[in-house]
Structures are given as C-alpha cells and as structure tokens.
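Me: I'd like to go through this model with you, one helix or hairpin at a time. Shall we start?

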Amino acid sequence: MICPKCGGKNSKEDINCHSCGFKLKTTCPRCKHHNALGRPGCEKCNLTLIRFCPGCKAPNFPHTKNCRKCGHELLKKKKEEKKAEKVEKVEKLPGKPQEKIPEKKEDGGIELKKEVTREEAVKILANLLENNDKGYLVSLCAPEGLGKSMVISTLSQSLSGQKITWLNGICEPYTRNTPYAFFKDLLSNILGLPVFPPDNDEIKKSIKKTLETTLDITDQSVLNVIYKLVLNEYRENNASIQKNLDDTQKALQTLISSLNKKSRLVMIVEDFEYIDKASFDCIKYLLKKNFLDNKNFLIINHTPATNTATLFPSEISLQRMLILLIKPLATPELETVLLSMMTNQDILPPELKSRIFRQSKGLPVYVEQALWYLFQAGAITPGQQGLVFNRQYAGIDINPDLHELFMQRVALVEKISPDATKVILTAGLLGLKFTPKVLELSTGINEKEMRQIIQLVINSGIFAAYDRHNFGFKHLCLWKILFERAFSDEQIKQLSSNVLTALKNNPEVRGSLLAKLAEYSGDLRELPRYYDKAAKEALNLGDTLSYTNNQTGILELLDKTGLPDGEKEAARISITEQVGRVNFEANPALAMDYLKESIKKQEELDNNVKVVELTGYLARSCELAGNYQGVLDCAEKALAITSQDEEESSPETIFLNFSRLDALLGLGRLEETVMTAENEILPFLTGAISKNETFPGLSKDDLKDIEYQCEFTLAKALVYQGNIRAGDLLKKLSARAEKENKPEYELKALLNQALFFTIQGDLASGEDVLEKIIRKDFKSRDSDKLQLEWLFISTIAHILSGDFEKARTICYSALPLAKECRDYNLFALLKLLNGFFYQRFQHVNNAVAIYDEVAHYCSETKMATGALFAWYLAAGAELETGNPDRAGEIAEKALDISKKPNINNFIAEILLSRLIAETKTVRGDFEGAQIYIENGIELAEKNKLTHLLVELYLSFGKIYQENAATKAVNKEQSSNQAYRLYTKALNIAEKLDNHFLISGAEKEISNLQTFCHLSGIALPEGA
C-alpha cells in the first residue's frame, strides 16, 4: 500500500504509514474492522462511515443532517404518523404471511432500501416476485464471499413452481474490456454453449434451429449479432460504429422480447461491479425500452464499493429500485452453512467450531475454506457411519486470513498432484470459466490425466462444473486470490505464452483475451496485431470504449513495432483520426483531444478538405461537452477556409452560419442569435425553398427541416430574452407544424409557447398549452429532452405561484435529467434554482456557494445566460444578508453585460434593474432607485412580462413608502404614490388570477395602511 502523503511503501495490513505515521485505514466504531480510507461503508458490517451528498458528492460524517458543502438534507426526520409518510406501497395478497417491506427513504423520489440477512433477502424478493404487479431493479449488496449468489440460487428454487425464466450472466474483472462479455455469458447459458466453442458449423446450425423453433426468431440480422457475440463470427462491414451499436442493442432487445412472450423474466447480473461498458449501456437501453414492465425483474449483485443508485436513470433508481444490504452471517446461519457441507453431521469440537466462526467475520466462504482445509489436512475423514473428526486436530491452526488459507489449500493440492497448480494457474489466465480442452492444449497434459486433475481440484472445492461443457472457479474471490497471490512474474509470463500459443489460431477467441495474454507474456511483437483484432471486433459490435482502448494500445506500441518512420507516422495519423471520429458523440471530451491533434496534422499537410471535415466532428464534440465557444471557433475556422473560394452569401457560408446558431444561443448571445437567424439564414432558406433549389446532399425536405430548426432556435432566443415577438412566432410555428403533419415540431413549438406564457406570468395560458400537449398524446424520439423542458416549465410555474416546496421537488428530479441530456444551460439554471430554494428556506450560505459555483462555471465557458442569473441571485443574497454595497456592485456589472448589443437579455435586465433599485433604496438614493425601476417597468410593459411588472410596481411602491418613512417632507404625497403603485400591482395580479402575487400586494397595502395610521397620514378615499 502506497502512502498518499509521503509515497512510502506499506503492507496491506498496516494501519499507519511506517515512514510518516499517516493514517492509512479507519476503524469501524461498531465492529472495529479496519477499512481503507474513503470507503463509504464498513467492509465487514456495512455501517455507514462516510455519507456522500447525492447533490454535490461531498463527503460528510455519517450522522450529519445537512451536507457541509451545499446544505442538502442528508437525514430525513421520521414522521410521527405513518399517514404522513409518502411511500410507495407494495401490494399484499390476502391470506399469506407478509414480510416487512424495506424502509423507504425519500430524497427527491422514493428509494427502497434495507439491511437484511440472506434468508430475509430471499423472502422479500420471493414476496415481491409473487405478489407485486410491477417489476423492480434489485440491488443485492454484500462483501465478496458473503453469498449473494446463494441468495439468487435459493430464490429461484423457492419459486420453481412460478412461470419465470431466469437469465443469468457473470461479469468478471478479466473481461471488462471485452464487448458484451456479460451478454455473451448470458447467451451461452441460454444456448448451452462452451466458453470456447470449437470451430464447428454444427453449433451455428444448432443456435439457428433453437432460435427459430423455440423463440420464433428468423431475422437474419438478429442471428448475425448472436453469432458475433457467442461465436465471435465477424464479417467485414463499412457501417459506422453507431449503426453497429444500434444493431447489437436492437438484436438483444428482440431476443429478450421473444423470451418475454413465453414467461416473466428475471435477469441476473452476477458481480455487477465488473460489467463491461457495452453490456451496461445495453442494460440501460433495455430499461428505457421498459424491460421492467410485464413484472420482469433485473437483479444485480455487487460489493458495497459500487454505488448503484447513481448509475441508473433517475426514474428507475428513485422509484423502482430495491436496495438490499446483506448482513454478515450470525452464528446460527454459519452453523447452517457448516452443517450443509458436512451432511448435517455436527462432529467438530465446539471450541474449534467457535474459532472458525469468529475468524470468518460472518463470511460463509471462510467457513467453507476452513472445512476444506480440515478435509485436506486429514482432520475430517470418511468413516463407516459417516464423517469422522480426528481429535488430535482439535487445536489445529487455521489461518485467520482467507487469502493465506486458500493459498495453503492450493499447496496441499500440489502435494497430491504437482501438475495441479499448473492447471489451476493456467485456468486462472482464461478467466472465471474454461473448457478442459483448452487446458489440455495450453499445458500439454493429456486428456485422461487432465480429467483426473480437474476432478481432484473439484473435490478440493476450488473448481466447480458449471454445465456439461464448462468448468470454472467455485467463487470469484478464489480466482482473485489466485491472481493476486499465486503467480510469480515468471510464471505469468511463461503460462500466458503457453495459453496464447494454444489459442491464437482459433478465430472464435476474442482479440481482447489474446491481447491480454500477449501483454502478460511480454510478446510486444504480436501485441499490436491482437489489439487490432480486438478493435475490429469492438467496431463490429459498436463498443466505442473497447475500440478506443485497443487503438490507443496500438499507438503506444508504434515506436516498438520496427516500422519505417513514414509508415509509423501514417499509422499514427490514421489511428488518431479514427479514435476522434468514433468518440465524437460517445465521449466528446476524449474526442476533442484526438480531433484537435488530427486537424493540426492535416493543416501541416495543407489538406483543407480534411480540415473542414474534421472540424465538423470537433464542433459536434464541443457542443456535446458544453463548449459552445469551441463550436463557434470551429465554424469560424471552416468559414475562413471556405471564404477563400466562396462568396459571402454562398450556400456553404449560410450552412456554416446555421451551424453557429445553437452555439450562439448556448452562449447566451441572444440578440446575435436573433440577428443571424433573421438577417442571414432564414431569407436564404425561404428563397431556396420557394424556388425549389437543391444542394449537394440536401433534399427539399432537408431544407425545410433546417428552416424549422433555425426558426426554433430563433424562437427560443426570443423566449429567453423575454421578447414579446416570441409569442407570434411560436403560434405560427405550431400552426404550420400541425398543418404539415410535423408532430415533433408541433410539440417543440407548444412547449416553447408554454415556457413563454409562464415567463410572462400568464400561468393559466401556459397550463392550457401543457394540457393540449397531453390531449394530443405526442410520441417523440427525444422524450428525455422534452420531459426536461416540461419539468423546467413546471418548476418556474410553481415558483411564480408560490408553491416552493413543489417547485423544489420538481427541480431536484430535473437536475439529473439535464445532466443526462447534456443541456448545460438548463442544468446551470436548475442548479441556480436549487440554490434559490436553499435561500428561500433559510440556508443562505449554501445558496451562495451554489451561485458562486455556477457563476464561475458559466464565466469560464462564456455562457452568459447562466452567469447573469447567477450574479443576480448572488447579489440578492448579499442584499438579504445586509451588504447592499456589494449587492449593487455585482448587479451593476451584470446589468452592463445583459445590455450588451449581442446579448440584450431583457429578463435579466429587468431583474437586475429592480435589484439595483432596491440596493439604492436601502442606501437612501430614492431618485437613483426610481430611474432603474422606471427603466425596468418600461421594458416589462413593452414585452408584456406581467409577473415581473407586478414585482416592479411593488418595488416602486416600497421606494415611495421608504421615502415617506425616512424623509420629513412630502410624507403624505409619497405615501399616496406608494398606495397607487401597490394598487396597480394588485390589479395586475388579480387579472393574472395569481393568489401568491395578490397576497403579496395585499400585504404591502396592509403594511402601508398601518404605517399611515400610526403616522397620521391620510390615504386616498376607500384605501
């Protein structure tokens, strides 16, 4: 263990660094187990050691009620009455005993969670599977060796009478870079195939027949994907990696759907923490395609180090995810484990049995290994009447460390058969599963002797027979111990070389395995070839991560290949470009580095065509990464190149300007967005469409789509401005889209209309539009993005109506969706609103921290919209905490930016003007305050921003009331003017039918009346 402070080397058992004394482990206060620093829960008893904030991810002490960084509520107070608890009830069947349903903890949603024994876990899951009418994602969490797989096995046996198909697949560390390794294992189990299938067309025929006759799958494209997954059969194709990804995921969905027609499904993901990315992405895809419907279940088991609640879509993790934390086994449970291994013969001396249980720390795998050790050492032997314990072994020393105990057992096996260790280690290099034939080829041991050795290792509890084809390690933790402790460097090198020799000419073996073996064997000469094979396989299945890892592996080895310099440079340029292209959408942050390097190389080669092409990819990556300035830079680079040969108003120039439009909106350059769309792009498109002009690669329908997109960006810029013109444009867009049967565009137009009405303060009209959307029952390809916009509108609407609790709940659920959709502007605005709620509920310091964070991020990325509202809220917090000078300074600088000619953000300008007026009022500068308020009123009236108008008139009234309270002259005149302004605000609020605003205006009038009564000031008649 390397000390993070001084870099000194320490053993895994050390609690403090030998060199500097730095604490390397923390002690659990409940069970006193020593845990690695940073573990969220105790490795032994699962007690919470660190409570990570779900919002900002900051670590907190386990009993902290609110996050020290952002103030997020970490521990909810228990309600006194059960009726007040907002929990999701699991329906119960009458007449059957019911297990207590796990506790629900509400944190922006509902989450099922409980610490249970293995037996309780089985009962809870059986109850859910039998009695509930919907499916769940179940997270079984326990340390390695605690028996998560045994829970699944017992569960399936207890429900053997139910019509359920159990789909089981194993994940393992060895295959994390192998595309769809989990689904390959799952399919092999369904189809009864060996891990390393022989090169035999008969298996392919058998698969085809099984799928056609049993599942009615005849689609050749689906069959081809399954052949690729289980037989590693590839054909060269020119399809993009995205197309291959789509084909693979759709084929697996087809297979799952076909199985689902026969019965309910329970998909088991063993050792989920080792799942490959392609398989995990496919599981999320299946969940989005409603896998949990039809009472299907997805059960994942994993160790406590994996926080599964943050990995899945929020609508699943917050509402349909059951988390069961398996507790270490108590003595009675360990007793059951021990007796089951000894055919219910209780022959161990009590002291020895007690010592084994104590040293096991509740892990059944240790009890199992201790018993196997007693068998191997001769302490337990078979007798005429059953098993016999030799009393001279009563005090036998059994190593308390599971790792050391297992290695002692391997050494005892080696004494019986010297070749056994070689077989065990060779099997370890193949992963968790293997076939005897591959071991024979790799070790040179003949078939008969190999059968004997495998039987010996099975009898020693190290190997297990998975099915008629495949054998493997009995527990993943045994394989890990073997890999971590057993191999010397020389053994790894030699045995890997042997296995590689046996497998390298077999086309069914994955390139990722060959590459790993070549790495271990030190065969750098052949390694690039295996990386290339693995990259091609990843490309054919659509796995960008595996493809990238293998291509970058080749890049790292280029200098060792012995190729001529010219060929090496050409290969480097080619691979760099390929990695950039493949990742430009899947991993934009990574792609940007490779694409920038590729563009630089092509500029050196003076290849402008390639530069423009790659710049297009880079622009898309920048957009997805939220680097809107980078998008503009790309467009300007392309414009600079094309302008050398093209006219200023050429189609190429127009389309490049169109590519800038969304980036301008993202940067908050609202006026520039409006001007570019209206003066440059739309006139050209309108003319081209009316004249039926066509351009290379673009049809008339394509041009119409570009026109729609341009108009929507223009409309959104006007909405964000608070510009009255947005209303007419969106009304026309909605009507046109409806007439031309463009439901996707009609839906977008209606959502923007709802947002526009809401911003104006016309909540009733906004609600009417949302109801219209519901009535029309639109189907959208981009449902997440549209759902996000809906949630954002709802958040704003509830804030404006004064329902802050409801608004906060909606905002909290929208935040992860904004991140998932990569809508960085909405994410920034929602985060600011989250801060606003903290401020509203008296957590000002937490709110200010959020405002500062968002302001810093938006300033760095030049996103003006988020920055302006961050500064506005930050200034408001300063004013609330008694710092009007600082508030005015922040607001005035922000106001200057909001009024820049390329921005012109009317909403920000109005809000900042009102805030500056309030700071001036506090400082007694009533004339200055009046100027700012009047400017705000003029802008709000011009754009019919009626909600803001109410707020402005209320602030204007406060200026006059404060003037009356602090100045000796014109008290009655100022009070009367305040009353007129408050009344005007009230009248507008009543027209809006906004009870929150009405209440606010009435409160100000009441306060004024009280003040005037005490001061002897007469208000207008009827006041």
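Me: Great, which residues of α41 are buried?
Reply: Happy to help, with one note first: this is a predicted model, where local features need pLDDT of at least 70, side-chain atom pairs count only at pLDDT 80 or more, and totals for chains, interfaces and linings use all residues. Residues are numbered from 1 along each chain as its sequence is written, and side-chain values use heavy atoms, with hydrogens and water left out. Counting as buried anything under 20% relative accessible area (exposed is over 50%, partly exposed in between; 1.4 Å probe, protein chains only), the list for α41 is Leu 997, Ile 998, Ala 1001, Glu 1004, Ile 1005, Leu 1008, Phe 1011 and Cys 1012.

Me: Why are they on the same side of α41?
Reply: An α-helix has 3.6 residues a turn, so residues three or four places apart point the same way. Taking directions from the helix axis to the C-beta atoms, the buried residues of α41 share one side because they cover an arc of only 155 degrees.

Me: And which residues are exposed on the other side of α41?
Reply: The buried residues of α41 pack against α39 (946-966) and α40 (971-992). Across from them, the exposed residues are His 995, Lys 1003, His 1013 and Leu 1014.

Me: Which residue caps the N-terminal end of α41?
Reply: Helices here are DSSP runs of H or I with at least four residues, strands are runs of E with at least two, and both are numbered from the N terminus. At the start of α41, a side-chain oxygen lies 3.1 Å from the backbone nitrogen of Phe 996. The residue that supplies this oxygen is Asn 994.

Me: Which residue of β13 is the bridge partner of Ile 380?
Reply: Strands pair if DSSP finds at least two bridges between them; β12 (residues 380-383) and β13 (residues 386-389) run antiparallel and have four. A hairpin of two residues links them. The partner of Ile 380 is Phe 389.

Me: How many of the 13 residues of α13 are buried?
Reply: Helix α13 spans residues 418-430 and is mostly covered. Its buried residues include Val 423, Ile 424 and Leu 425. The count is ten.

Me: Finally, which strand has the lowest mean pLDDT among the elements of the chain?
Reply: On pLDDT, the predictor's confidence in each residue from 0 to 100, the chain has a mean of 88, with 89% of its residues at 70 or more. Strand β9 (residues 264-270) has the highest mean among the elements, 97. The lowest, 42, belongs to residues 103-106, strand β5.

Terms used
Contact means heavy atoms within 4.5 Å. A polar contact is a pair of N or O atoms within 3.5 Å; within protein, one must be able to donate a hydrogen and the other to accept it, and residues adjacent in sequence count only if both atoms are side-chain atoms.
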